[in-house]
Each structure stands twice: as C-alpha cells, then as structure tokens.
Amino acid sequence: MANNELTVAVLGPGGVGGLLAALLSRAGHRVICLAGAETAATLRGNGIRVRSAPFGDFTAPVEADTELREPVDACLITVKATALDAALARVPATALGDGLLVPFLNGVEHPAHLRAHYPPAQVAPAIIRVESTRVAPGVIEHGSPFAEIDVTGDPVPHERLEALAAALRAAGPTTRVLPDETAALWAKMTFLAPLALLTTRYDLPLGDVRTRHREELTALLEETAAVSRSYGGPSDPAGALARYDTFPPGTKSSMQRDAESHRPLELDAIGGALLRAAERHGIAVPVAAGLVRELEKPQAN
Ligand SMILES: NC(=O)c1ccc[n+]([C@@H]2O[C@H](COP(=O)([O-])OP(=O)(O)OC[C@H]3O[C@@H](n4cnc5c(N)ncnc54)[C@H](OP(=O)(O)O)[C@@H]3O)[C@@H](O)[C@H]2O)c1
C-alpha cells in the first residue's frame with residue numbers, strides 16, 4: 001500500500017460492507033465487491049446507493065465479481081458469522097497475494113479461524129461501531145450519526161495497519177489503530193453481548209430491557225466484564241450500564257432484528273464464544289449460559 005490509491009475487495013456488500021465499499025470508491029480507491037452472481041450484476045450495473053446523514057446521499061460505482069481473481073491491497077470481510085465459511089470460498093488464498101484480510105465481524109473467534117486458512121500476519125481484524133442496513137442489493141441506509149472503526153492485528157506490520165486506517169479515515173469513518181487485538185475485540189464484545197442476548201431473548205428494545213430486566217442486565221454485564229478482564233480486555237460493568245442508560249429507549253440489537261426477520265442469528269459467534277471463553281478461564285457465567293440456552297431453542301412459528 002505504498003501509494004494512496006488502493007485496490008480493495010469487499011466480501012459481502014451488505015450493511016457494513018456496502019457502506020465501506022461506497023465510501024472507499026467515492027474516495028478514489030478501486031473497489032471490487034464479492035457477492036453472489038445476482039448481487040454482483042446489480043452492483044456492476046447500478047453501483048452502490050448510500051443514504052447517510054454524516055456522509056451524505058450518493059451513488060458510487062464499484063466493480064463486482066463472484067470470486068477474487070487478482071491480488072488486492074486489502075479484502076474487507078463483511079459477511080455475518082453464519083455465512084463466513086461459505087463466503088470465504090470466494091477468496092482463494094492464492095488469489096489474495098499479500099493483501100490484508102480485514103474482518104469486520106462481531107465476535108472474538110473469527111481471527112483465529114481466518115489465520116488457520118490464510119497467512120496470520122495478513123489478518124487484521126477491525127471493529128466497527130455503526131448502524132447500517134442493506135435495504136436492497138446495493139442500497140444502504142446508514143442510520144447512525146457516526147461510523148467508528150478500530151483496526152488491529154498483533155502479527156500485522158504496524159505500517160500496514162496505519163496505511164489501511166489512513167485510507168478508511170480519509171473516506172469518512174473515524175478510524176484508529178489499536179495495539180492489543182484481544183483487548184480491542186473484547187471491548188466490543190463486553191458492550192455488544194449483553195445487549196444482543198437480552199434484547200433478543202425478551203424481544204424487547206433496550207429501554208424495556210434496562211427497566212424490566214435490570215437485575216439480569218447488571219449480572220450479565222458483570223459476567224461479561226469478568227471474562228473480558230481475564231483476556232486483558234476492559235472491565236467496567238458500571239460504566240457499560242451507564243452507557244446503556246444514555247441510549248434511546250427504542251434501540252434494538254442487530255441480533256434481535258435478525259430474529260424478527262427469521263434470519264440466522266450470530267448466537268454462536270457472540271453468546272457461544274462468550275461461554276467458551278469463560279470456560280477456558282474457569283469463570284462462572286450462569287446468566288449468559290441460561291440466555292444462550294433459551295435462544296438456542298427452536299423458536300415457535
Ligand atoms: N450492520 C451494522 O450496523 C453492524 C454494526 C456493527 C457490526 N456489524 C457486524 O458486521 C458483520 C456484517 O453485518 P451486516 O449487518 O453488514 O450484514 P448484512 O447486511 O447481512 O450483510 C452481509 C452481506 O453478506 C452477503 N453474503 C452472505 N453470504 C455470502 C456469500 N456466501 N458470499 C458473498 N456474500 C455473502 C449478504 O448478501 P445478500 O445481500 O445477498 O444477503 C449481505 O450483503 C456482522 O458480523 C455484524 O454483526 C454490523
């Protein structure tokens with residue numbers, strides 16, 4: 001990534017991937033979206049249309065294919081955890097060259113999974129705080145007034161992380177490079193897991209969860225913080241609760257939205273990973289375990 005213009009592949013141009021693909025294209029980078037044949041054809045013909053309060057309403061042209069066929073500077077991975085393995089078939093390690101693989105998935109286990117299949121020093125996990133929805137193929141609604149990215153990757157050369165972060169920052173999102181990959185991933189997990197598990201379990205927005213299920217929320221935040229601490233991540237359950245209290249009462253988690261739309265849940269990548277991490281470090285997480293058990297049950301209707 002020596003010069004400023006990058007070639008970036010985006011595997012899964014949905015809520016997150018579509019937004020980043022369009023922003024990077026608008027900023028002058030070459031963007032190749034990797035998707036199924038129909039979506040790829042739509043994107044090639046129409047580009048990606050974005051509606052965003054902070055970044056404006058715009059349409060950006062992108063290239064699109066069903067598979068990566070040439071080396072790129074970076075391949076952003078923006079599929080859901082439930083689609084990861086199938087989607088990775090579109091990115092043969094031989095085609096990637098020495099490009100970075102940059103997963104934006106929620107959860108903490110996917111970097112090790114990727115490093116089992118691609119060179120470890122090319123896997124640079126990113127954490128994104130945003131609310132962005134793919135309302136139709138190539139049509140993205142960015143609903144949050146912010147988009148914040150942390151780029152990390154312990155074995156990745158620092159200058160490569162900085163170059164990627166600079167490109168993302170210049171394209172719009174507030175972007176930092178963080179030094180401790182595990183801590184960075186757990187920072188998101190400690191905030192996300194309690195919100196996702198409780199809003200989905202009770203099918204209630206955050207406002208109702210934090211009033212009607214406050215005791216359970218508090219206990220779950222403490223459990224998650226204990227696991228995070230054992231991995232060197234942040235541990236501030238009271239701070240997290242105070243932050244939840246500032247959110248609009250109608251806030252829903254994306255897991256809850258997936259449940260409402262009968263889409264597969266990222267339950268294993270979030271709740272399952274939390275339980276496995278707790279077990280590895282001998283930490284009791286009875287509230288999380290109970291919620292995951294309930295959510296694993298087949299839902300009526
Ligand atoms: N959206 C957010 O605001 C947000 C915020 C923070 C973190 N995240 C995390 O970011 C990740 C992506 O979430 P998202 O909301 O962006 O998901 P999404 O909107 O569902 O987008 C995923 C995209 O992947 C595509 N896809 C699925 N299987 C594929 C395959 N085999 N090959 C190629 N493409 C495939 C889907 O295609 P189709 O369009 O054809 O279904 C879809 O466009 C998740 O881990 C999520 O938890 C999301």
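The following legends describe close-up views of a predicted model.

**View 1. Residues surrounding the ligand in the predicted model.** The shell around the ligand is formed by 30 residues, of which Gly12, Gly14, Gly15, Val16 and Ala83 come nearest. By class, 15 of the shell residues are nonpolar, ten are polar and five are charged.

**View 2. Secondary-structure elements that contribute to the ligand shell.** At least two shell residues are supplied by each of helix H1 (15-26), helix H3 (84-88) and strand S9 (132-136). Helix H1 provides the largest share, namely three residues.

**View 3. Pairing of strand S11 with strands S8 and S12.** Strand S8 (residues 126-129) and strand S11 (residues 148-151) run antiparallel and are joined by four bridges. Strand S11 is also joined by four bridges to strand S12 (residues 174-177), and these two strands run parallel. Aspartate 150 of S11 illustrates both pairings: isoleucine 127 stands opposite this residue, and arginine 176 is its bridge partner in S12.

**View 4. The β-α-β unit containing helix H6.** Strand S11, helix H6 (residues 158-171) and strand S12 together make a unit of this kind, and the unit is right-handed. The two strands of the unit are the parallel pair S11 and S12.

**View 5. The region annotated in UniProt as "domain: Ketopantoate reductase C-terminal".** According to the unreviewed UniProt entry, this annotation covers residues 183-295. Over residues 183-295 the predicted chain is 75% helix and 0% strand. The C-alpha atoms at the two ends of this stretch are 27 Å apart.

Methods:
Residues numbered from 1 in each chain as written. Predicted model: local features only at pLDDT ≥ 70, side-chain atom pairs only at ≥ 80, totals over all residues. Near = placed C-beta within 6 Å. Nonpolar A, V, L, I, M, F, W, Y, C, P; charged D, E, K, R; others polar. UniProt positions renumbered as here; feature names shortened; annotations may be inferred. Pairing = 2+ DSSP bridges. Right-handed = clockwise from strand over helix to strand, strands pointing away.
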